[in-house]
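Me: Please take a close look at the aromatic pairing in this structure. I should like a connected account of the residues involved and of their surroundings.

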Amino acid sequence: MFDGQVVKFVLNFIIDSFKNTVAAFMWPVNIVTSYQPYGAISLGLAFWLFPIFVKPHIEKWMFDGEPAAVDSEQEEK
């Protein structure tokens, strides 16, 4: 097919997608190794503070007007 251009495109797409997936999961390692020890400290603080201060605002913005999810413990009662 067109001298293998379609096959080459599909293979390059799959390979690039896999590379991007690996890079997306490796960003914390890059921060920790590049900025020792402050990278590990700041990354830990970010993971600890994000659900407390940022996540509620994002959820309110994204899910405004939708019914709240029911906890499984409340369903059992």
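Reply:
**The aromatic pair and its setting**

W27 is partly exposed, with a relative accessible area of 40%. This value belongs to a predicted model, in which the protein chain has an average pLDDT of 86 and 84% of the residues score at least 70.

A search of the whole structure finds 1 aromatic pair. Its members are W27 and F47, whose ring centres lie 6.4 Å apart with 20° between the planes, a stacked arrangement. The label follows from the angle, because planes under 30 degrees apart count as stacked. The contact joins distant parts of the chain: W27 belongs to helix α1 and F47 to helix α2, with the two positions 20 residues apart in the numbering. F47 has a relative accessibility of 53% and counts as exposed, since the threshold for that class is over 50%.

Helix α2, which spans residues 38–62, also contains E59 and K55, 4 residues apart, or about one turn of the helix. Their side chains form a salt bridge at 3.9 Å, N to O, and the search of the whole structure finds 1 such bridge. E59 is partly exposed, at a relative accessible area of 36%; for K55 the value is 36%, and K55 is likewise partly exposed.

As to confidence, helix α1 (residues 5–34) has the highest mean pLDDT among the elements of the protein chain, 93, whereas helix α3 (residues 72–76) has the lowest, 59. Where pLDDT is low, the predicted coordinates should not be read in detail.

Terms used
Residues are numbered from 1 along each chain as its sequence is written. This is a predicted model: local features need pLDDT of at least 70, side-chain atom pairs count only at pLDDT 80 or more; totals for chains, interfaces and linings use all residues. Side-chain values use heavy atoms; hydrogens and water are left out. pLDDT is the predictor's confidence in each residue, from 0 to 100. A salt bridge is a side-chain nitrogen of Lys or Arg within 4 Å of a carboxyl oxygen of Asp or Glu. Buried means under 20% relative accessible area, exposed over 50%, partly exposed in between (1.4 Å probe, protein chains only). Rings of Phe, Tyr and Trp (its six-membered ring) pair if their centres lie within 6.5 Å; planes under 30 degrees apart count as stacked, over 60 as edge-to-face and the rest as tilted.
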